[in-house]
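Grab a coffee and open the viewer. Below are some short exercises, each with a worked solution to check yourself against.

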Amino acid sequence: MRQLLIFSALAFTVSVNGQSAYQSDSLAMTKRLKEYLAISASYDFAGVVEYTYPKLFELVPREQMIELLKSTYDNPTMKISMDSLQVQKIHPLFKYQAGLYAKVDYYMVMGMQFRDTTMNDDALEGALAALQSQYGAEKVRLNKAQKRIDISVLTGMAALKDQPADQWTFINIQKDDPLLSTLLDAALVQQLESYK
């Protein structure tokens, strides 16, 4: 009987410690996610890369990534904005090998402000049709007077805490993204994609 009591107390202690560590990781991830979204919304691309999954920089150097982000979001052809950035759901944290992971669903309105003054209505309509076929007609709006297209997007990112990252980092995930399969094991990608 005494052995049973000792075993029960030990199992309870292990369970409480495991839940406490899990809760601590969950709170740390949520805090980092909030910081990451705020930095992203301010277009601080040097800050964004500090929250980006570091294995990405094995493929694209950090400084090159900063310049790529700058030129993507603000160039002579268009300026891209992110509005209404909101987390919709944080799926449960899970362990895979030596790391911790979670999928985060988030919503945003991505605005594309075209700067080309010679861009006519036909070109705008063509861009609109292409984006509607990709995202769905109900999610894409055109403002011809401003030469602006707004896209409502519900998408996902992976939250990752594994080597070489000692803090939570993030990377966007899209189904069948070849970049994702280059950075992460196929089983891990499948697990992340399984959360709906």
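The exercises go from strands to core, then to pockets and single residues.

Some ground rules: this is a predicted model, in which local features need pLDDT of at least 70 and side-chain atom pairs count only at pLDDT 80 or more, while totals for chains, interfaces and linings use all residues. Residues are numbered from 1 along each chain as its sequence is written, and side-chain values use heavy atoms, with hydrogens and water left out.

**Exercise 1. Work out which strands pair with β3, and in what sense.**

Solution.
- Step 1: find the strand. β3 covers residues 99-114; strands here are DSSP runs (E, at least two residues) and helices are runs of H or I with at least four, numbered from the N terminus.
- Step 2: apply the pairing rule, which asks DSSP to find at least two bridges between two strands.
- Step 3: go through the partners. β1 (residues 78-90) is joined to β3 by 10 bridges, antiparallel, and here Lys 89 sits opposite Asp 105. β2 (residues 94-96) has 3 bridges to β3, also antiparallel, with Phe 94 partnered by Tyr 101. β5 (residues 148-161) pairs with β3 in the antiparallel sense over 14 bridges, and Tyr 101 faces Leu 160 there.
- Step 4: check the cover. Of the 16 residues in β3, 14 are buried, where buried means under 20% relative accessible area, exposed over 50% and partly exposed in between (1.4 Å probe, protein chains only).

**Exercise 2. Find the turn between β2 and β3 and say which residue in it has a positive phi.**

Solution.
- Step 1: β2 and β3 form a hairpin with 2 residues between them.
- Step 2: look at Gln 97, in the loop between β2 and β3. Its phi is near 50 degrees, a positive value in a residue other than glycine.
- Step 3: check exposure. Gln 97 counts as exposed because its relative accessibility is 65%.
- Step 4: now look at Ser 84 in strand β1. Phi of Ser 84 is near 55 degrees, again positive in a non-glycine residue, and at 41% relative accessibility Ser 84 is partly exposed.

**Exercise 3. Take apart the largest nonpolar core: which residues have the most contacts inside it?**

Solution.
- Step 1: know the rule. A nonpolar core is a set of buried Ala, Val, Leu, Ile, Met, Phe, Trp, Tyr and Cys residues joined through side-chain atoms within 4.5 Å.
- Step 2: the largest one has 54 residues, and Phe 170 and Leu 184 have the most contacts inside it. β3 gives the largest share, 9 residues.
- Step 3: follow Phe 170. Ala 159 stands opposite Phe 170 in β6, and β5 and β6 pair antiparallel over 5 bridges. In β6, 4 of the 5 residues are buried.
- Step 4: list neighbours, using contact as heavy atoms within 4.5 Å. Beyond four places in sequence, Phe 170 touches residues including Leu 33, Tyr 53, Met 157 and Leu 160.
- Step 5: move to Leu 33 in helix α1. Leu 33 is buried because its relative accessible area is 2%, and its contacts beyond four places in sequence are Val 87, Ile 90, Val 104, Met 157 and Phe 170.

**Exercise 4. Describe the two largest pockets: what lines each of them?**

Solution.
- Step 1: set the terms. On a 1 Å grid over the protein atoms alone, a pocket is an open set of points where a 1.4 Å probe fits, with protein on both sides within 12 Å along at least five of seven lines; lining residues have an atom within 4 Å of a point. Volume is the space filled by probe spheres set on the points, which are joined across faces, edges and corners.
- Step 2: the largest pocket has a volume of about 1,000 Å³. Its lining has 33 residues, with Tyr 73, Tyr 106, Met 108, Asn 172 and Gln 174 closest to the centre.
- Step 3: sort that lining by class: 24 nonpolar, 8 polar and 1 charged. Ala, Val, Leu, Ile, Met, Phe, Trp, Tyr, Cys and Pro count as nonpolar, Asp, Glu, Lys and Arg as charged, and the others, Gly among them, as polar.
- Step 4: the second largest pocket holds about 160 Å³. Its 13 lining residues include Gln 97 and Tyr 101, both among those nearest the centre, and the classes are 7 nonpolar, 3 polar and 3 charged.
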